[in-house]
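Please look at the arrangement of chains shown here, and consider how the copies meet one another. The paragraphs after it go through the contacts step by step.

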Protein chains: 4
Amino acid sequence: MLNLDTDKLHEECGVFGIFLSEKRSDIVNKIYYALYSLQHRGQESCGIALRDGAEMRVYARNGLVGEVFGDDELKRLGDGECAIGHVRYGITAQSDSSNAQPMLFTHAKGKLAIANNGSLTNYKQLRRYLELEGMVLHSDSDAELILNFLIREWLVSNSPEEALRKVMYRLDGAYTLLIMTKDSLIAARDPHGFRPMCIGSINGGYVFASESCALDSIGATFVRDIMPGEIVIADNNGLRTISDHKDTHSNALCVFEFVYFSRPDSVIGGVSVHAARREAGKFLAKDHGVKADIVVGVPDSGIDAAIGYSLESGVPYGLGFIKNKYIGRTFIQPTQENREDLVRIKLNPIAEVVAGKRVVLVDDSIVRGTTCERIIKLMRSCGAAEVHMRVSSPMFLHPCYFGTDVASKKNLIANEHSVDEIRDIINADSLGFLSVDRVSQIAGGYHGGFCIGCFTGEYPCQVS
Amino acid sequence: MLNLDTDKLHEECGVFGIFLSEKRSDIVNKIYYALYSLQHRGQESCGIALRDGAEMRVYARNGLVGEVFGDDELKRLGDGECAIGHVRYGITAQSDSSNAQPMLFTHAKGKLAIANNGSLTNYKQLRRYLELEGMVLHSDSDAELILNFLIREWLVSNSPEEALRKVMYRLDGAYTLLIMTKDSLIAARDPHGFRPMCIGSINGGYVFASESCALDSIGATFVRDIMPGEIVIADNNGLRTISDHKDTHSNALCVFEFVYFSRPDSVIGGVSVHAARREAGKFLAKDHGVKADIVVGVPDSGIDAAIGYSLESGVPYGLGFIKNKYIGRTFIQPTQENREDLVRIKLNPIAEVVAGKRVVLVDDSIVRGTTCERIIKLMRSCGAAEVHMRVSSPMFLHPCYFGTDVASKKNLIANEHSVDEIRDIINADSLGFLSVDRVSQIAGGYHGGFCIGCFTGEYPCQVS
Amino acid sequence: MLNLDTDKLHEECGVFGIFLSEKRSDIVNKIYYALYSLQHRGQESCGIALRDGAEMRVYARNGLVGEVFGDDELKRLGDGECAIGHVRYGITAQSDSSNAQPMLFTHAKGKLAIANNGSLTNYKQLRRYLELEGMVLHSDSDAELILNFLIREWLVSNSPEEALRKVMYRLDGAYTLLIMTKDSLIAARDPHGFRPMCIGSINGGYVFASESCALDSIGATFVRDIMPGEIVIADNNGLRTISDHKDTHSNALCVFEFVYFSRPDSVIGGVSVHAARREAGKFLAKDHGVKADIVVGVPDSGIDAAIGYSLESGVPYGLGFIKNKYIGRTFIQPTQENREDLVRIKLNPIAEVVAGKRVVLVDDSIVRGTTCERIIKLMRSCGAAEVHMRVSSPMFLHPCYFGTDVASKKNLIANEHSVDEIRDIINADSLGFLSVDRVSQIAGGYHGGFCIGCFTGEYPCQVS
Amino acid sequence: MLNLDTDKLHEECGVFGIFLSEKRSDIVNKIYYALYSLQHRGQESCGIALRDGAEMRVYARNGLVGEVFGDDELKRLGDGECAIGHVRYGITAQSDSSNAQPMLFTHAKGKLAIANNGSLTNYKQLRRYLELEGMVLHSDSDAELILNFLIREWLVSNSPEEALRKVMYRLDGAYTLLIMTKDSLIAARDPHGFRPMCIGSINGGYVFASESCALDSIGATFVRDIMPGEIVIADNNGLRTISDHKDTHSNALCVFEFVYFSRPDSVIGGVSVHAARREAGKFLAKDHGVKADIVVGVPDSGIDAAIGYSLESGVPYGLGFIKNKYIGRTFIQPTQENREDLVRIKLNPIAEVVAGKRVVLVDDSIVRGTTCERIIKLMRSCGAAEVHMRVSSPMFLHPCYFGTDVASKKNLIANEHSVDEIRDIINADSLGFLSVDRVSQIAGGYHGGFCIGCFTGEYPCQVS
């Protein structure tokens, strides 16, 4: 899609589920708004599965929530007591929607719908196992794989949650699951807790969401986070929990959920995402202070840390750029334009703000470095006297195996170059990254651990 | 469209034209990007007309630039030497595209395309005149009307610009015209200069744009503003000007171009729009200062003034809201939701920032007051201790006749209530508007006059 | 579109109008069905204009009736007392819909909608005249031109019909007009009567239609044909007629209306189109009889004459081909296929019927001859012993200036080759055309004259 | 869809497969044309699966061939050596395409695509069996079910055809299968041979098709029919056959393939479908002769038998109706219109042909009788003196379990009423059905047996 965004990491998914004590006509609207608020977690496909008495209906397609769901689609889904939704970012462009979630399955004991955020590290082994049993898989999705194991286990278990408890012993890697059964809604987080998920209450029922901002969007009340390894079941008896997998593995929340993925108005592990980013900006001011006239953030993800830098350093915060808010999926990339122009269509500096100034420019990460270079060039063309780049995360050195799209070291600028070299490449007057030590301190008040494998190469579990 | 936006004024149009010394294949892409950067001036319809040798082609439809123009549409327009584009906001929802511009006409001397930003105050009289001559009009658009006069005058004139010079004596009100002929591109601004237009240079040719941000988007160099009453002609001999109408009327640039309509990165009359808004914020701090812990702006239009308020007052600037950037034209309004939820889907406060704080909340205008009330309610629900509302424009009391959509006093909260009453209605702890005196001072360095009729009821010309 | 059809003549338009004594909710459905039944007269664009009290609404687009009008479009048109509709075949592919009809205009005395079937032979002169008066035309359509004259004349006339009466003195060539005013529906046929139009009654009101099959489709009762040169006005006082132009010119109904354009179930000038075609087949049997085992018609247009040939000759009628009824506008043409295959996808012979037989093959016309050649080749490949081609119209030798798409002699096989040569080219065992004398006799009972200029080169009026 | 068509039986599917000796670029176009020629067998969804070396691609959606496949879709499928296609009629309206075929599956030994025409009578039992093994099914389709058995069997077999041979022992009912593997194309017909399938040769490769008309459409040469119970394998070694299931059950070709489903230009079991229908018409003339002036068929399915009746009786054949060929899926049904009008929009009688005549009206079947009644009413309103109805199939009395959509006795007029009563209901002067004895004689030259269960209630195998 957009060249600017391709220079960022991408999350793969967001999930949302709602279980009500009785059938309501607004359930589908609620989940629609909730998915809108999780759209930043995945823009490739989205879907909603709904249970209406004995029936389940699903609609999932490639596209943004606003493109996939219109009045007609929502009406066809209709009223219900329970629903789950999904937004998805996919690495490969697929012409069909076969990987769109939620997925709805019919099996020996009825119907099930499933939605997942994450990435199994033993997917290939598990898939091979199933295929050799004569199983036929329709997609490349973890969700379908997990479900097949679940169905088989359920045939010899008393309940789907019991079956899930057993299946989780087989699964390695990151997963945040929602499973809608004929009378319950089951949520589960992998034992490392790579991805967040929280519980809310609404209208005498419960909701589960990847981020708390989805609760705000529909007026639900935040209850608590789901713990790593926890299975939570909402049914007509209220909320229950299965904790066999809790505390069996080290906590390893992806630190990029604070740095970039989650929305600033979300709260994870008791900590405001915005506050964590602002804190990162403060650390940058402390560790990489520089004489300057103004601090500006690269919209939107650098704004929070820029404010933090300004607060800590006393250098005034300024509005450095106007972002064109109309550029969307249909925007046509220039092919022969020079690259600076491309950036400028999307992100135009306000010359009056930076002309003649020593500018501290804050962004949340540098992945490939190309956008960064062009932005600094633009700032200089607008008359900036000095440009000091500050990055509110450490150098990105290693691939991620847990659901983001950086699967190899290729294209990671930090992997090929030292800080000084990068500074020269992007033509900054100085360059400072948040240190690895600091990144684990930004979320003061969060008492769990982090996965920082992308910075250190040390992962919380084996990766193939 | 969006309930939040309905509480704002709406500009009616933006125009962009380009005249090159020779046929180029990238002309249509250039105008496409330029229209993207002017999209904020009109979201109902858009269009491009292009001249390719003796031929002219046009494509104009209802929709955003990114919806109307895809690869196919741009390819069909093809290469050319000259092109004009238009984005339009329309007051009434039209099922067809008959008012979309540019409009392309065939007449006795060939083909002409026209695009206009503005509103004639003597439209009805002029239309009646034409109809009684047996003329048939296809649209309700000023552009078609002006063109009909132009064509008739041209039959007895030596050139289209000469004809336009004569026609301008008949036209009252606001207009900013682009006319593409078989060998020239003509730009004209009404003698009051209600709407801005500037000249840029690129690739040995010239561009005309409603705002300078469109020049930046395609790497054009700013040359100068077109003066009120000036007619500028670009053709193969370069740039010429006809000045008969200059200085014949008082300057009356719409002050809302600084306050709200234009993009902050544009420069009008030598003054940065962002700087003018920041200045308005500083005046608010001087004139309506209050003890507070944090200043936050309502995104996106309140941000600039909030930064100004912070700079002047020393109260720290904070990020108060996250705006959902995926909500577009297809968003489905909740019908039974309570209104606070609706605002929250679009604009969620960051509780951590405002909880327990005395907040100065800055926005650029209050038209009906409904959104404002809900935002303050949200802030309080997030724990704000005090909310002090500051508005970076004066009280909006009178209708506008020059191309915005506030045609009557109805629904203007300031027209029905005093400042104190409004403060109570929106439930703010205090409320301060920019004074009428101040509004004319925000654009320091701009030496022309302003139209501030919407604040004072005194208009620069007769209105019917 | 389809290669098979490109070897046929194309009519340019069909019109339909309805005037009711009071507003009804089913008026738009009625016109929708009527246009469906006239679709064969034009497949490029279609439209409906409706009067609902003081308001007029129009919707016209490129596409078939079933593509352009869905539930939403019909609902938006709404209820009304009067409506006119149009289907159009256009010679040139237009990317926009600017020539789609009906056209709706606002003028000094209110609103008017117009729809036309035909082609003015003095279009260029009339257009130049208007342009030199300063008029601006939006389309290349006769309808808009006529309307501009009408509006100007009406300013100095007592009624639109009076104005039309005067305007008709200026118009040369073919036109069949429907004009909807604020209180009447006016129908007019040019003094030669090139194209048919008839009157029907329904629900206490009146309808006008290019063909009587449209009356059948909505259950209207046939009243009579409109005469050449007649102006008929339907208003709240019933039906009136203005006859100044009647009998001022020779009658010249296009004979191809019987031969090919009109639907076989229509009745023109008191004569069934099917009967006329069957009669042509009988003449072929009389004039070009041959020993044979079976007569087959090329679907669909050769069927009627084949039955006539069978009846006259006693040779049994057989079903020779199956036409694929699913092939429509979206069908993708093979590019590397050999041509016989292409025909076969659309029109497969039934081998059992023709194998070993002496076949008389009947079609209505040969324009370029290419399709004909391939069909005969297919018949032989299915084992036909002999193929005797019979054509139920004379040799097509001259261009048509009255609203069909054969504007030049180019590509007319009969213009370049003798009957014997054509027989050899298409590889028939024998070939017989209907004689020019016979073609004027096929519609026994019709007492008017025919235009047979395409066969003789002698046209009923001057052509430029 | 169309009310006229709802009074007919509906076939459920058509299949087509092609295996070439080498990769070709026109394979996808060939299958596109072939599916066009099989479109009459299913109009709800269609699809193509293609093998290109080690890769398989599939595209299947709801819609007609011309709607689902455009240039882009065909290009994306690309070049290949093997492909299978499917058209489908579905009983229930599905909002998604989950039952569209071909279906593409990944399993332990690679990829497989499958397409099927038919209906298993032991579907429920087989599905239950699989589900209790922990299998998860995505659709309600026989094809997916068969494939799951095949995959499991293949894990313990030497080849997919060997696996299929074993699986066929489990399957009851009607099926006509195409299976595309990584190096072969397998076709199979159930041991009763309910549905037809034939073999053709083209470009050194082989094709399999539900009907021979598909062979004609792409210029393939007819080789032979596949026998009931036969498995035929096309691979790089040519054509092989497995005959274990041949002659294990009674032949039971659905007689409606001759009467209505198949295209008249197809040849089944050595017999022309058109000839069989014409023969049925002759039997009607022999068994139910009546004094008459003209014989007309109800388009399109009554035409063949009407010609037969005319040939046998000497009563002249006439063109009785014009069918509106533009009415498609988007046609909007009148809701308040009276029913005669509805029929007339679609099927208008030619009054001239029937007025004052004693008419023999021939159709292929009467299912509910409603359309028949309206058509006769129309004929009388056009002046027909007498209307004698003749039906070229016996009375439809019993449900069909083998892939058509008449699953219950409900709505079958013949089930509730005697011939005399039906004659009175439809208001015919006389009524004659083809006798059950005769129906088995219409396909002279075909030496297999028929399933005539819908007439007799005696089915060739057990039905649940």
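What follows describes the relation between the chains, then two of their interfaces, and finally a pair of aromatic rings.

This is a predicted model, in which local features need pLDDT of at least 70 and side-chain atom pairs count only at pLDDT 80 or more, while totals for chains, interfaces and linings use all residues. Residues are numbered from 1 along each chain as its sequence is written, chains are lettered from A and ligands numbered from 1 in the order in which they are written, and side-chain values use heavy atoms, with hydrogens and water left out.

A useful starting point is the relation of chain A to chain B. Chain B is superposed on chain A by a rotation of 180° with 0.0 Å of shift along the axis, giving an RMSD of 0.0 Å, where the fit is by least squares on the C-alpha atoms of residues with pLDDT of at least 70 in both copies. That is the relation of a two-fold axis. Of the interface residues of chain B, 98% are also interface residues in chain A, so the copies meet through the same surface.

The contact of these two chains (contact means heavy atoms within 4.5 Å) takes 58 residues from chain B and 57 residues from chain A. Together chain B and chain A bury about 4,400 Å², with 59% of it on carbon and sulfur atoms; buried area is the accessible area, taken with a 1.4 Å probe, that two parts lose on being put together, summed over both. On the side of chain B, the residues B:Tyr36, B:Tyr326 and B:Ile332 supply 16% of the area buried against chain A, more than any other three residues.

Charged and polar pairs also cross this interface. Between chain B and chain A there are four salt bridges, each a side-chain nitrogen of Lys or Arg within 4 Å of a carboxyl oxygen of Asp or Glu. A salt bridge joins the side chains of A:Arg278 and B:Glu352, at 2.7 Å from N to O. Helix H1 of chain B, residues 27–38, gives the most to the side of chain B that touches chain A, with five residues; helices here are DSSP runs of H or I with at least four residues, and strands are runs of E with at least two, numbered from the N terminus.

Chain A also meets chain D, in a contact that takes 24 residues from chain D and 24 residues from chain A. These two chains bury about 1,900 Å² between them, 57% of it on carbon and sulfur atoms. In chain D, the residues that lose the most area to chain A are D:Ala108, D:Val136 and D:His138, together 27% of what that side buries. Across this interface of chain D and chain A, the rule finds zero salt bridges. By contrast, chain A and chain C do not touch, their nearest C-alpha atoms being 13 Å apart, and chain B and chain D do not touch either, with their nearest C-alpha atoms 14 Å apart.

Finally, there are 74 aromatic pairs over all chains, where rings of Phe, Tyr and Trp (its six-membered ring) pair if their centres lie within 6.5 Å, and planes under 30 degrees apart count as stacked, over 60 as edge-to-face and the rest as tilted. The rings of C:Phe256 and C:Phe455 have their centres 5.7 Å apart and their planes at 35°, so the pair is tilted. This pair links distant parts of the chain, with C:Phe256 in helix H8 (residues 256–261) of chain C and C:Phe455 in helix H17 (residues 453–456) of chain C, 199 residues apart.
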